[in-house]
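Reader: Please show me the sequence and the structure. I would then like to go through some questions about how the parts are arranged.

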2 protein chains.
Amino acid sequence: MVLAPWRSPIARALHRNRSLVYARYLQLATVRPDGRPANRTVVFRGFRDDTNQLMFIADDRSEKIEQVEHSAWAEVCWYFPNTREQFRLLGTLTIVKQDYLEEDLQQARRSMWQNLSDSARVQFDWAHPGKPKTEGSSPPPPSPTEPLPHFCLLLLEPSQVDHLELRGEPQNRYLYHQEADQSWNKQEVNP
Amino acid sequence: MVLAPWRSPIARALHRNRSLVYARYLQLATVRPDGRPANRTVVFRGFRDDTNQLMFIADDRSEKIEQVEHSAWAEVCWYFPNTREQFRLLGTLTIVKQDYLEEDLQQARRSMWQNLSDSARVQFDWAHPGKPKTEGSSPPPPSPTEPLPHFCLLLLEPSQVDHLELRGEPQNRYLYHQEADQSWNKQEVNP
């Protein structure tokens, strides 16, 4: 596996913005089954080993899962406040649910679960997200080793990346496209 | 005109996050003509007088304009770091270009132009955004009164708002829906 050429500017941005916990928050856009867009904040959970896939987590009862099952295309928008730069990553999402058959991805799902805090894990025991408010029960902390059934790993495989540096003079913008042979090309474009 | 009930929590969030210039940055998701989502950061430019419409600006050569002409639906995702809350506003976009006929919106476009800084105005004289990089010329500062031809005002008219407060215990989430008679209802839902 070769690191895509946009990995290095993202690593640099993560490093230079590490003082801000929310520099790891980004916005994930998907398309609803009726064709309208949806957009929400998610937490970047790292790249999957030996791939260029961004990892997120999700509850399989949330609307985004239904949307992704209808259309796998997504674009994340990632703004870094300290360095004033933006990455837009367009690609397809894979949902790794409890019944996902491929063992290496199921193992990635378990590892992600094991790395979560108790307070993150317990959210997958909460009442159905988006439904009328119900009184929260206080379930015991879930197993730290075996994921709860609603827990999913989400993987974004980018095929196009748009990097904008607002700090340039005037500004700098680079487009990365993945070719049919999986190689990447990089082009400097007007901001 | 009655202020929609989600205006007050947004006003409060803007106030409590006013120390962060980027608390006025939000992510605008639209749908490309081929059905894939697009997502980018835009700057919130206030609400249009006597309406619940959010104002943004855009260059009429940017891809978002073509996308909105194809499908007017958009969802903005607005995360406020200090108060740890998120607003998702789903609605339709109106593009007010140079040739837009309605005079009150054309006046709103001019007012927006007049309120911009020189450095914001000159961007509408730059080379075609997204095209291969061309050497930047240094045009003189544009007229502060009459908008450049590529300058557009974008108006988002929300019909659904999803407000999530991460700070709650466990968390609080409210959904606002606009009814056929234009009134709004508010429902508390599970986070």
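**Symmetry, interface and one helix**

Reader: By what turn and shift can chain B be laid on chain A, and what relation is that?

Author: The model is predicted. A turn of 180° with a shift of 0.0 Å along the axis lays chain B on chain A, at an RMSD of 0.0 Å. That turn and shift are therefore the relation of a two-fold axis.

Reader: Which residue of chain B comes closest to the rotation axis?

Author: The distance to the axis is taken at the C-alpha. At 3.0 Å, the closest residue of chain B is Ala29(B).

Reader: Which element gives the most to the side of chain B that touches chain A?

Author: On this side, 40 residues of chain B are in contact with 40 residues of chain A. The elements that give two or more residues are β1 (25-31), β2 (37-43), β4 (73-80), β5 (85-96) and β8 (184-189) of chain B. With 6 residues, the one that gives the most is β4(B).

Reader: How do the residues of that side of chain B divide into nonpolar, polar and charged?

Author: The copies meet through the same surface, because 100% of the interface residues of chain B are also interface residues in chain A. On the side of chain B that touches chain A, the division is 20 nonpolar, 13 polar and 7 charged.

Reader: Why are the buried residues of α2(B) on the same side of the helix, and what covers them?

Author: In α2 (residues 63-70) of chain B, Lys64(B), Gln67(B) and Val68(B) are buried. They lie on the same side of α2(B) because they cover an arc of only 95° around the axis. What covers them includes β1, β2, β3 (54-59) and β5 of chain B.

Technical notes: Residues numbered from 1 in each chain as written. Chains lettered and ligands numbered in written order. Predicted model: local features only at pLDDT ≥ 70, side-chain atom pairs only at ≥ 80, totals over all residues. Contact = placed C-beta atoms within 7 Å. Helix = DSSP H or I, 4+ residues; strand = E, 2+ residues; numbered from the N terminus. Nonpolar A, V, L, I, M, F, W, Y, C, P; charged D, E, K, R; others polar. Least-squares fit on C-alpha atoms with pLDDT ≥ 70 in both. Buried ≥ 20, exposed ≤ 12 C-beta atoms within 10 Å, placed from the backbone. Arc of directions from axis to C-beta.
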